[in-house]
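The following exercises are to be worked with the sequence and the model side by side. Each task is followed by a solution in steps.

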Amino acid sequence: NRPDRVALVAVVGDGKVSFVCKVGADAQKAGAHAGNLVREVAKLAGGGGGGRPDFATAGGKNPQAADQALQKAAELLKGQIRA
């Protein structure tokens with residue numbers, strides 16, 4: 001468990017995609033927010049969701065967009081982090 005890390009995974013199955021995000025305490029202090037990040041990623045896959053700053057889940061209806069959504073996550077996360 002690394003407090004400075006952000007983990008985001010996608011699980012594809014049954015014609016859907018699910019996203020799960022965990023944000024460590026130090027990353028939260030820097031501005032990372034699991035709920036906001038996973039919500040924006042899920043939108044890219046035709047879905048929605050959200051949750052707490054430290055842990056969140058979301059789903060999407062377009063599993064073909066999962067890889068593209070995960071690639072966009074890094075850019076979205078940079079927008080959250082305070083320099």
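**Exercise 1. Salt bridges**

Task: Identify what joins the side chains of Glu40 and Lys43, and state where these two residues lie.

Solution. The side chains of Glu40 and Lys43 form a salt bridge, with an N to O distance of 3.1 Å. The model is a predicted one. Next, place the pair: Glu40 and Lys43 both belong to helix H2 and lie three residues apart, about one turn of the helix. Then consider accessibility. Glu40 has a relative accessible area of 31% and is partly exposed; Lys43, at 48%, is also partly exposed. As general background, side chains of opposite charge can pair when their charged atoms come close.

Task: How many salt bridges does a search of the whole structure find?

Solution. The search finds four. Among them is the pair Arg52 and Asp54, whose closest N and O atoms are 2.9 Å apart. Arg52 is partly exposed at 48% relative accessibility. Asp54 has a value of 21%; because buried means under 20%, Asp54 counts as partly exposed. Another is formed by Glu75 and Lys72, with 3.0 Å between the closest N and O atoms. These two residues are three residues apart in helix H3, so about one helical turn separates them. Lys72 is partly exposed, at 31%.

**Exercise 2. The buried face of H2**

Task: Determine which residues of helix H2 are buried and what covers them.

Solution. Helix H2 spans residues 34-44, and its buried residues are Ala34, Gly35, Leu37, Val38, Val41 and Ala42. Viewed down the axis of H2, these buried residues fall within an arc of 165 degrees, so they line one face of the helix. The cover over the buried residues of H2 includes strands E1 (6-13), E2 (16-23), E3 (48-51) and E4 (55-60), together with helix H3 (66-80).

Now take one residue of this face. Gly35, in helix H2, has a relative accessibility of 0% and counts as buried. Beyond its neighbours within four places in sequence, Gly35 contacts Gly50, Gly51, Arg52 and Ala56. The C-alpha atoms of Gly35 and Cys21 are 7.8 Å apart, although their positions lie 14 residues apart along the chain. Finally, Gly46 follows H2 and has a positive phi, near 75 degrees.

**Exercise 3. The strand E4**

Task: Which side chains of E4 point to the buried face, and how does E4 pair with E2 and E3?

Solution. Along E4 the side chains alternate: Ala56, Ala58 and Gly60 point to one face and are buried, whereas Phe55, Thr57 and Gly59 point to the other and are not. E2 and E4 run antiparallel and are joined by six bridges; here Val20 has Thr57 as its bridge partner. E3 and E4 also pair in the antiparallel sense, over four bridges, and Gly50 stands opposite Thr57. A hairpin is formed by E3 and E4, with three residues between them.

**Exercise 4. A glutamine in H3**

Task: Is Gln80 buried or exposed, and which backbone atom does its side chain reach?

Solution. Gln80 is found in helix H3. Its relative accessible area is 18%, and because the limit for buried is under 20%, Gln80 is buried. The side chain of Gln80 reaches the backbone nitrogen of His33 at 2.8 Å. Leaving out residues up to four places away in sequence, Gln80 touches Ala30, Gly31, Ala32, His33, Asn36 and Leu37.

How values were computed. Residues are numbered from 1 along each chain as its sequence is written. This is a predicted model: local features need pLDDT of at least 70, side-chain atom pairs count only at pLDDT 80 or more; totals for chains, interfaces and linings use all residues. Side-chain values use heavy atoms; hydrogens and water are left out. Buried means under 20% relative accessible area, exposed over 50%, partly exposed in between (1.4 Å probe, protein chains only). The arc is that of the directions from the helix axis to the C-beta atoms. Contact means heavy atoms within 4.5 Å. A polar contact is a pair of N or O atoms within 3.5 Å; within protein, one must be able to donate a hydrogen and the other to accept it, and residues adjacent in sequence count only if both atoms are side-chain atoms. Two strands pair if DSSP finds at least two bridges between them.
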